[in-house]
Amino acid sequence: MSDAAAARRDPGFCRFHTEHTIVVDWSAEAGWSDWSVEPYGSIVLDPAAMVLHYGQSVFEGLKAFRQPDGSAALFRPADHARRLGRSASRLAMPEMPVDLFLEACAELVALDDDWIPDEPGQALYLRPLMIATEAQVGLRDSRRYRCVFLAYPVDPCFGRDFAPISVETSGESVRAVRGGMGEAKCSGNYAASLMVRREALARGFNEVLWLDGLERRWVEELSGMNVFFVWRDGDGPDGVRLTTPPCQGTIVRGITRDCVLTLARDLGIRVAEEPTTIDGVMAGARSGRLVEMFACGTAAVVVPVGRVADAGASAVFGDGREGPVTARLRNAFIEIQHGIRPDTHGWLRTVRNDLASVHGSTDRQLRSWADA
Ligand code: COI
């Protein structure tokens with residue numbers, strides 16, 4: 001069995017990288033280079049590279065899905081390109097042109113088509129990472145950057161069974177304040193969550209539920225996912241309302257979050273981007289008015305939250321199992337991603353199977369690796 005076939009059978013989350021990477025460089029003198037294909041391998045950095053000292057590092061996570069006709073399609077790649085641009089801009093890094101980002105992603109998917117798993121919920125996860133590479137210890141923004149696109153066959157990061165996860169609030173620690181870097185998909189934003197997340201995991205939780213940085217009572221997001229609540233304020237299917245914390249500069253503007261809001265409206269569910277306190281969540285879960293909570297993100301897809309703990313108290317949503325609204329939204333989302341349900345919002349971008357053979361540079365490079 002090939003490496004790709006073995007990885008496709010049981011990919012987990014980013015346990016196996018594919019064979020190729022796409023590299024794009026930027027310099028203050030020349031701007032963006034063309035993309036080039038390189039075999040997966042280590043990056044050599046000067047120990048004074050500015051990313052190591054001052055943390056100029058931003059990334060994206062997007063997916064390509066196998067389609068019923070055997071082709072592959074990227075999911076909302078232009079939105080990921082634009083978000084990378086916004087993150088980069090916040091860290092004084094250059095914005096990559098959307099077309100260059102799209103070409104690089106499409107090329108990588110075409111080259112590593114063999115690594116795309118087939119099952120619903122599985123995907124090829126692309127991780128474009130941009131770092132400052134100039135060697136310079138004085139504090140200023142770098143004049144050189146490298147963007148590397150990596151690819152991994154994946155299951156959803158909490159597994160394909162979408163079993164409910166449990167979350168614990170962030171206590172005294174805060175991760176983001178308005179005007180800070182909470183909205184940027186930058187490495188430092190994730191580093192800020194690691195210590196608290198590790199402590200929550202040690203107490204048996206799957207994730208940290210971040211509260212706002214000022215009052216520590218407004219619910220924000222998990223370390224790498226947005227959150228949603230399903231409230232019951234009436235009888236029957238019309239009696240539920242879906243809410244999610246608003247984007248006010250402290251949470252990542254999730255593309256899955258945006259899909260969930262759109263799909264909920266399509267399905268006739270009332271939605272609101274609405275601030276929610278942790279006290280409201282705990283009280284709602286206990287009274288039965290808050291019937292479901294779920295987290296969503298590119299890596300996680302849509303995963304139920306069964307239990308939340310705050311300041312030593314704990315509350316369960318419904319019976320702790322996945323609720324019908326969460327399941328309905330996730331199924332609709334996955335069916336669109338896999339081309340099973342009509343893509344009425346134009347979220348899929350098909351990758352031509354022959355793309356990898358179209359570009360001379362790719363052909364040349366593939367031949368030179370084969371010869372090496
Ligand atoms: C993603 O969902 O793509 C992310 O970047 C989150 C990360 C924590 C895996």
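This section describes the ligand site and helix α6 of a predicted model.

The ligand sits in the largest pocket. The residues around the ligand are F59, G61, Y125, R127, K185, Y190, G224, T298 and A299. Three of these residues, R127, K185 and A299, place polar atoms beside ligand oxygen. For K185, a polar side-chain atom lies 2.7 Å from an oxygen atom of the ligand. For R127, the corresponding distance from a polar side-chain atom to a ligand oxygen is 3.4 Å. A299 contributes through its backbone instead: an N or O atom of its main chain lies 2.8 Å from an oxygen atom of the ligand. Taken alone, the ligand exposes 290 Å². The protein buries 81% of that area.

Helix α6 spans residues 255-266 and has 12 residues. From first C-alpha to last, α6 reaches 16 Å. This span is close to the 16 Å expected at 1.5 Å a residue. Burial was computed with a cut-off of under 20% relative accessible area. Nine of the 12 residues of α6 are buried, so the helix is largely enclosed by the rest of the structure. The buried set begins with I255, T256 and R257. It continues with C259, V260, L261, T262, L263 and A264. Both R257 and the two threonines, T256 and T262, are thus listed as buried alongside residues such as V260 and L261. Just after α6, G268 takes a positive phi of about 80 degrees.

Notes. Residues are numbered from 1 along each chain as its sequence is written. This is a predicted model: local features need pLDDT of at least 70, side-chain atom pairs count only at pLDDT 80 or more; totals for chains, interfaces and linings use all residues. Side-chain values use heavy atoms; hydrogens and water are left out. Helices (H or I, at least four residues) and strands (E, at least two) are DSSP runs, numbered from the N terminus. The expected span of a helix is 1.5 Å times one less than its number of residues. Buried means under 20% relative accessible area, exposed over 50%, partly exposed in between (1.4 Å probe, protein chains only). A residue is near a molecule or strand if one of its heavy atoms lies within 4 Å of it. A polar contact is a pair of N or O atoms within 3.5 Å; within protein, one must be able to donate a hydrogen and the other to accept it, and residues adjacent in sequence count only if both atoms are side-chain atoms. Accessible areas come from the Shrake-Rupley method with a 1.4 Å probe; for residues, only the protein chains shown count as cover. On a 1 Å grid over the protein atoms alone, a cavity is a set of points where a 1.4 Å probe fits but cannot get out, and a pocket is an open set with protein on both sides within 12 Å along at least five of seven lines; lining residues have an atom within 4 Å of a point. A molecule sits in a cavity or pocket if more than half of its atoms lie within 2 Å of its grid points.
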